[in-house]
Amino acid sequence: MTQDDLTGSCLCGAVTFSIADSFELFHLCHCLQCRKTTGTAHASNLFTTPDNIRWHTGEDVLARYDVEGRTISNVFCNRCGSRMPYLSLSGKALVVPAGSLDQTPSLEPIANIFWPERAAWYEAAMAAPTFVEFAD
């Protein structure tokens, strides 16, 4: 691991990995399929070269679901359900869910893609008040 490496893990800690902080793209995808696979307003995915990962633990507990008829996949820890990095179906990119990283990557989001498919409540969510903890 070098000083430019980031670490990542799942919620339960069964899966751990390291990855060089060298991402080409950082997209927030608002398509229906990404909203369904994440259960959130958008997927926050970084893209890098296929060999830019070193699995430390838990590669054997990863499960994969490929969305039929699309190039979207969902790879997750089969113990806690956290989304984990995966090789794209084309084999040309490693897709890294930004939330799986333990540190902040140097690349910031560069695009909101499939914007017309965004959740109807997305703008209201971005304008909602913020709190340090649970709101009353």
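This is a short tour of two sheets, one serine and two pockets, with something to select at each stop.

Before you click, note that the model is predicted, so local features need pLDDT of at least 70, side-chain atom pairs count only at pLDDT 80 or more, and totals for chains, interfaces and linings use all residues. Residues are numbered from 1 along each chain as its sequence is written, and side-chain values use heavy atoms, with hydrogens and water left out.

**Stop 1: the three-stranded sheet**

Start by selecting residues 5–9, strand S1, and 54–57, strand S5. Strands here are DSSP runs (E, at least two residues; helices are H or I, at least four), numbered from the N terminus. S1 and S5 are the edges of an open sheet, each pairing on one side only. The order is S1-S2-S5, and the pairing is antiparallel. Two strands pair if DSSP finds at least two bridges between them. On average, neighbouring strands of this sheet are turned by 25° against each other, direction ignored; that angle is taken between lines fitted to C-alpha atoms, in N-to-C directions, on a scale from 0 to 180 degrees (helix axes use the stretch in contact).

Now add residues 16–20, which are S2, joined to S1 by five bridges. Put labels on Thr-7 and Ser-18, since they are bridge partners. Between S1 and S2 there are six residues, making a hairpin, and Gly-13 in its turn has a positive phi of about 85°. On to the S5 side: three bridges pair S2 with S5 in the antiparallel sense, and Thr-16 stands opposite Thr-57.

**Stop 2: Ser-9**

Stay in strand S1 and pick Ser-9. What does its side chain make a polar contact with? Show Asp-102: the two side chains meet at 3.0 Å. (A polar contact is a pair of N or O atoms within 3.5 Å; within protein, one must be able to donate a hydrogen and the other to accept it, and residues adjacent in sequence count only if both atoms are side-chain atoms.) Leaving aside residues up to four places away in sequence, Ser-9 also touches others, including Val-15, Phe-17, Met-84 and Ser-100, where contact means heavy atoms within 4.5 Å.

**Stop 3: the five-stranded sheet**

Next comes an open sheet with mixed pairing, ordered S8-S9-S4-S3-S10. Select 86–87 (S8) and 111–113 (S10) for its edge strands. S3 and S10 run parallel over three bridges; to find the spot, look for His-27 opposite Ala-111.

**Stop 4: two pockets**

Select Cys-34, Phe-47, Thr-71, Ile-72 and Tyr-86, the closest to the centre of the largest pocket among its 18 lining residues. A pocket is an open set of points on a 1 Å grid over the protein atoms alone, where a 1.4 Å probe fits, with protein on both sides within 12 Å along at least five of seven lines; lining residues have an atom within 4 Å of a point. Its volume, the space filled by probe spheres set on the points, is about 290 Å³. Strands S3 (25–29) and S4 (43–48) each give two or more residues to the lining.

Finish at the second largest pocket, about 160 Å³. Of its 14 lining residues, Ser-82, Arg-83, Pro-97, Gly-99 and Ser-100 are the closest to the centre.
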